[in-house]
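Thank you all for coming; I would like to take a few minutes to walk through one model with you, starting from the picture itself. Please have a look at it first, and then I will go through it part by part.

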There are 2 protein chains.
Amino acid sequence: MTDNNLDLKKAGLKVTFPRLKILEILATNDGHLSAEGVYKKLLESGDEVGLATVYRVLTQFETAELVVRHNFDGGHAVFEMASDDHHDHMVCVETGKVIEFFDEQIELRQHEIAKERGYEITDHNMVLYVKPIK
Amino acid sequence: MTDNNLDLKKAGLKVTFPRLKILEILATNDGHLSAEGVYKKLLESGDEVGLATVYRVLTQFETAELVVRHNFDGGHAVFEMASDDHHDHMVCVETGKVIEFFDEQIELRQHEIAKERGYEITDHNMVLYVKPIK
DNA sequence: TTCTATGCAAATTATTTGCAGCACT
DNA sequence: AGTGCTGCAAATAATTTGCATAGAA
């Protein structure tokens, strides 16, 4: 039995073909796929899964914290496998490439800033839109 | 002649009732209104402006750099008057309150991080989702 | 068998666009 | 008259949901 099988069971989700396939796709394609993107990968593999199912499964995975949803600019969400290490993203506006990064200094400042105002952070979202230095 | 009149002309936009009214609304309500929100304010004032016009005008203002569009989580964009000073946002998940802040340290690190990877920042987006410390 | 999951189409939400009429120069 | 602006309704794009049926435990 694979890890994916276990993950699904732990999440109280039945082990079905669409769910396994979607986990597999996210685990491979260095993550960062949109629902539509996952759907296309499925079609490419010749697998018949409805787009609605893709959305449903991704949402379930998000709830189960198996994947994380990111709302980049441009109106469509992207999903990636959840990992214990938090990180933020940099998106190249020319190539669309997504680069992950983590910066301790920034994380610390974010908490300080919130605390200075009497708040604590429940979540945050930081995306740098960048272009290659010529 | 008001500043708003001038701003519109400078942007090559004719001075019309919907445009003036929308500028006024954004200038007042400490900004951060969604298109729908602006539309509701208009209706409250008893002004008949179509929702489509609100969207059109906001988009024109964004292009003219009179307002800035922010894509917060939750699927709807919010607009605020453009000001020369850049800042980021903190959104209280309990009250929905939006707090602006600016942190030099974070801004500097963002540029360093991008540069370390061979990129330069064209734009960025940072939102802290927070809740009050009890 | 008993629930849960899936597919498909219809429904929603947020936003955009086509088009005919009105307004300002 | 000419060009820009508006409202309304229809069109899109992304995502969700209702429902009858197929599938997992």
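Let me begin with DNA strand D, where H4 of chain A, together with helix H2 (17–28) and H4 of chain B, each supply at least two residues of the nearby surface. I should say at once that this is a predicted model, so please hear every distance as a value computed from it. Within that surface near DNA strand D, H4(A) gives the most, with four residues.

Which residues come closest to DNA strand D? There are 17 residues around the strand, and the closest are Tyr55(A), Thr16(B), Arg19(B), Thr53(B) and Arg56(B). By class, the surface there has six nonpolar, five polar and six charged residues. Of the atoms of DNA strand D within 4 Å of the protein, 70% belong to sugar or phosphate, and the rest belong to bases.

Some of the phosphate contacts involve the protein backbone. A polar backbone atom of Ala77(A) is 3.2 Å from a phosphate oxygen of DNA strand D, while on chain B a polar backbone atom of Glu48(B) is 3.0 Å from a phosphate oxygen of that strand, and a backbone N or O atom of Gly50(B) lies 3.1 Å from one.

Let me turn now to DNA strand C, which has 17 residues around it, the nearest being Thr16(A), Arg19(A), Thr53(A), Arg56(A) and Tyr55(B). Sugar and phosphate account for 69% of the atoms of DNA strand C that come within 4 Å of the protein. Here I can point to two side chains: a polar side-chain atom of Thr16(A) lies 2.9 Å from a phosphate oxygen of the strand, and a polar side-chain atom of Tyr55(B) lies 2.8 Å from a phosphate oxygen as well. On the backbone side, a polar atom of Ala77(B) is 3.2 Å from a phosphate oxygen of DNA strand C. The largest share of the surface near DNA strand C comes from H4(B), which gives five residues, and by class that surface divides into seven nonpolar, five polar and five charged residues.

Next, the two protein chains. How many residues does each chain bring to the contact between chain A and chain B? Chain A brings 35 and chain B brings 35, and between them the chains bury about 3200 Å², with 61% of that on carbon and sulfur atoms. Tyr119(A), Glu120(A) and Asn125(A) supply 20% of the area that chain A buries against chain B, more than any other three residues.

Between the chains there are four salt bridges, and one that I can show you joins Arg109(B) and Asp103(A), with the closest N and O atoms 2.3 Å apart. There are also 18 residue pairs in polar contact across the two chains. On the side of chain A that touches chain B, E6(A) gives the most, with 14 residues, and by class that side has 17 nonpolar, seven polar and 11 charged residues.

Staying with this element, E6(A) pairs with strand E6 (residues 119–132) of chain B in the antiparallel sense over 13 bridges; within that pairing, the bridge partner of Asp123(A) is Tyr129(B).

Finally, within chain B there is an open sheet of three strands in the order E1-E3-E2, with antiparallel pairing.

Terms used. Residues numbered from 1 in each chain as written. Chains lettered and ligands numbered in written order. Predicted model: local features only at pLDDT ≥ 70, side-chain atom pairs only at ≥ 80, totals over all residues. Heavy atoms only, no water. Near = heavy atom within 4 Å. Polar contact = N/O pair within 3.5 Å; in protein donor to acceptor, adjacent residues only side chain to side chain. Nonpolar A, V, L, I, M, F, W, Y, C, P; charged D, E, K, R; others polar. Contact = heavy atoms within 4.5 Å. Buried area = accessible area lost by both parts, 1.4 Å probe. Salt bridge = Lys/Arg side-chain N within 4 Å of Asp/Glu carboxyl O. Pairing = 2+ DSSP bridges.
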